[in-house]
Amino acid sequence: MTAVDSDLADRLARHDEYFTAKDLVRYLERHHPVEGPGVPRDLVEAYADELDYDLDRLATSLDDRLTDAETWQPGARLYEVDDNLSVYPASWHERLADTTDLAAYVEVMLESVRAPEGVEVDRDQLGIRQNDLLTAVEIIGDIDRSRATSLLREQRLAGNVVLYAFQNPEEIVRLPED
C-alpha cells in the first residue's frame, strides 16, 4: 500500500468537501512530493481511502477525465504523464520542467487558448490568471508557492511579464508588448 502523509491527510480532511478528483490530483501534485511529473494513481486512491471517499466514484471520475493527449484539452481533464496522473499535459512538463522563466510558462499556457469559431482574438491581449500561472510553476517547476510568487514579482520588475488587472480583481499575467 502506498504511504499517506498523515499531516497532509489531516489538512485535506479540513477541506475535502471541496475536492473533486481533479482538485485532489492538483493538491497532491503540489504537496506530496514524488519522483518525476504527476502523482501515481494508487497514491490518489490511498488518500481518497484515508479520507473515506467513495472509491468507486473516484475511480469513475478519474477514468472519465483521463486522457493520454500530449497537449492541453478543454474541460476538467487529467493527463497520463509517465504512468502518473497530472493536471497538466506531458508536453507542458517536458517543455517547462527545467525552467522558472514565467514568460515561457505564459507562452506555453497561451498555446491552449482557442477562440470560439468566428471570433477574432488579439493574441497580444490574452493572458493567464495569476493563480493558474503560480500553480503551474509550483507543480511543473517543483517549487513552493512563496518562491513562485517571488519569481513573479522579480520577473515583473525585470519586464519579462506584465500584470494586468483592469476591471478584474484577479490579475492576469501577460507577455510584454514588443
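Strands β2 and β3 pair in the antiparallel sense, and 3 bridges connect them. The two strands form a hairpin with 2 residues between them. In the turn, Asp 82 has a positive phi of about 50 degrees. Val 81 stands opposite Asn 84 of β3. The model described here is predicted.

**The mixed sheet**

The hairpin belongs to an open sheet of 3 strands, ordered β1-β2-β3, in which the pairing is mixed. Its edge strands are β1 (66-67) and β3 (84-86), each of which pairs on one side only. On the other side of the sheet from the hairpin pairing, β1 and β2 (residues 78-81) run parallel and are joined by 2 bridges. Leu 66 has Leu 78 of β2 as its bridge partner, and Thr 67 is partnered by Tyr 79 in β2. Helix α2 (residues 21-31) packs on this sheet, where it touches β2 and β3. The direction of α2 makes about 105 degrees with that of β3.

**The antiparallel sheet**

A further open sheet has 3 strands in the order β4-β6-β5, with antiparallel pairing. Strands β4 (128-129) and β5 (162-164) stand at the edges with a single partner strand each, so one side of each lacks a neighbour in the sheet. The antiparallel strands β4 and β6 (residues 172-174) are joined by 2 bridges. Within this pairing, Arg 129 has Ile 172 of β6 as its bridge partner.

**Helix packing**

The following table gives the geometry of three helix pairs.

| Helix pair | Angle between axes | Axis separation |
|---|---|---|
| α6 and α7 | about 110 degrees | 10 Å |
| α2 and α7 | roughly 55 degrees | within 8 Å |
| α1 and α2 | about 140 degrees | 12 Å |

Helix α1 comprises residues 6-13. At an angle of about 140 degrees, α1 is oblique to α2. The crossing of these two helices is right-handed. Leu 8, Arg 11 and Leu 12 of α1 meet Leu 24, Tyr 27, Leu 28 and His 31 of α2. By class, this contact contains 5 nonpolar, 1 polar and 1 charged residues.

Helix α2 also packs with α7, their axes crossing at roughly 55 degrees. The two helices are therefore oblique to each other, and α2 passes α7 in a left-handed crossing. The contact involves Arg 26, Glu 29 and Arg 30 of α2, together with Thr 135, Glu 138 and Ile 139 of α7. Classified by residue type, the contact of α2 with α7 has 1 nonpolar, 1 polar and 4 charged residues.

Helix α7 (residues 130-140) packs in addition with α6 (residues 102-110) at an angle of about 110 degrees. Because angles of 65 to 115 degrees count as roughly perpendicular, α6 and α7 are roughly perpendicular to each other. From α6, the contact is made by Leu 102, Tyr 105, Val 106 and Met 109. The residues contributed by α7 are Asp 132, Leu 133, Ala 136, Val 137 and Ile 140. This contact has 8 nonpolar residues, no polar residues and 1 charged residue.

**Connections between the elements**

Helix α2 takes part in several of these arrangements: α2 touches β2 and β3 of the mixed sheet, packs with α1 and crosses α7. Helix α7, in turn, makes contact with α6 as well as with α2.

Note on methods
Residues numbered from 1 in each chain as written. Predicted model: local features only at pLDDT ≥ 70, side-chain atom pairs only at ≥ 80, totals over all residues. Heavy atoms only, no water. Pairing = 2+ DSSP bridges. Helix = DSSP H or I, 4+ residues; strand = E, 2+ residues; numbered from the N terminus. Contact = heavy atoms within 4.5 Å. Axes fitted to C-alpha atoms, helices over the stretch in contact; angles between N-to-C directions. Parallel < 35°, antiparallel > 145°, perpendicular 65-115°, else oblique. Nonpolar A, V, L, I, M, F, W, Y, C, P; charged D, E, K, R; others polar. Left-handed = near helix turned anticlockwise from the far one by under 90°.
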